[in-house]
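Thanks for coming. I will go through one model this morning, starting with the overall fold and ending with a single residue.

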Amino acid sequence: MSTVARPQAPICPSQDLAELGSHSFQVLYRGVQREAILVRFRGVAYGYLNQCVHMPRRLDGEEPGVFDEAGGAIRCTMHGITYKPETGECLSEICAGKSLTPLRVEEREGVLYLTDKRARLAV
Ligand code: FES
């Protein structure tokens, strides 16, 4: 059973999200409990629902990291579809025109917060 936290409750300390790292967490998104993920790319944190557009699988479902070897794209660990880290736009031809669902997050004074009005942290 889950409970809902405050809309802008902290997700995690900034130090828990290294460059090219990821951090999974749970949200209530439009009233439905979903997996979410933070990634850090070129120093900036981005939030997305943790679901690939190819199939309803977690981006990190097969292994912990979600960046490709070059560190230039998010790469789903299931079949390798890639995404632009800053926007979630799919870079692979098979899913061209689709995007990850972004979640608004903010980083303030060493803490990462969920600030998306459509989502609340679920614990
Ligand atoms: S489920 Fe992500 S690439 Fe297929």
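Let me start with how local the contacts are. If we take the contacts between residues at least 6 apart in sequence, 47% of them join residues at least 24 apart. Please keep in mind that this is a predicted model.

Now the overall makeup. The protein has ten strands and zero helices, so the order of elements from the N terminus on is simply β-β-β-β-β-β-β-β-β-β. As for dimensions, the C-alpha trace spans about 40 × 30 × 25 Å along its principal axes. The radius of gyration is 14 Å, and this agrees with the value near 14 Å that a compact globule of 123 residues would have. Of those 123 residues, 26% are buried.

Next, the sheets. One is an open sheet of five strands in the order 7-4-3-2-10, with antiparallel pairing. Its edges are strand 7, residues 102–103, and strand 10, residues 119–121. Each of these two has a single partner strand, so one side of each has no neighbour in the sheet. Inside this sheet, strand 2 and strand 3 pair in the antiparallel sense over eight bridges. Strand 2 covers residues 22–29, and strand 3 covers residues 32–41. To give one position, glutamine 26 stands opposite glutamate 35 of strand 3.

There is also an open sheet of three strands, in the order 1-9-8, again with antiparallel pairing. Strand 1, residues 10–13, and strand 8 are the edge strands here, each pairing on one side only. On average, neighbouring strands of this sheet are turned by 25° against each other, direction ignored.

Within the three-stranded sheet, look at the hairpin. Strand 8, residues 105–108, and strand 9, residues 111–114, run antiparallel and are joined by four bridges. Valine 105 has leucine 114 in strand 9 as its bridge partner, while glutamate 106 stands opposite tyrosine 113. Two residues lie between the strands of this hairpin, and in the turn glutamate 109 has a positive phi of about 50°.

On to the core. Which residues have the most contacts inside the largest nonpolar core? They are Ile37, Leu38 and Leu114, in a core of 25 residues. Strand 3, strand 4 (44–49), strand 9 and strand 10 are the elements that give two or more residues to this core. The largest share, four residues, comes from strand 3. Leu114, then, appears twice in this talk: as the bridge partner of valine 105, and among the residues with the most contacts in the core.

Last, the single residue: serine 22, in strand 2. Is serine 22 buried or partly exposed? Serine 22 has 19 other C-beta atoms within 10 Å, and a residue counts as buried at 20 or more, so serine 22 is classed as partly exposed. Leaving out residues up to four places away in sequence, serine 22 touches Ile37, Leu38, Val39, Asp60, Gly65 and Val66. Two of these, Ile37 and Leu38, came up a moment ago as residues with the most contacts inside the core. Isoleucine 37 is 15 residues from serine 22 along the chain, and their C-alpha atoms are separated by 6.6 Å.

That is what I have for today.

Note on methods. Residues are numbered from 1 along each chain as its sequence is written. This is a predicted model: local features need pLDDT of at least 70, side-chain atom pairs count only at pLDDT 80 or more; totals for chains, interfaces and linings use all residues. The radius of gyration is taken over C-alpha atoms; the globule rule is 2.2 Å times the number of residues to the power 0.38. A residue is buried if 20 or more other C-beta atoms lie within 10 Å of its own, exposed if 12 or fewer, and partly exposed in between; C-beta atoms are placed from the backbone. Two residues are in contact if their C-beta atoms, placed from the backbone, lie within 7 Å. Two strands pair if DSSP finds at least two bridges between them. A nonpolar core is a set of buried Ala, Val, Leu, Ile, Met, Phe, Trp, Tyr and Cys residues joined through C-beta atoms within 7 Å. Axes are lines fitted to C-alpha atoms, for helices over the stretch in contact, and angles run from 0 to 180 degrees between N-to-C directions.
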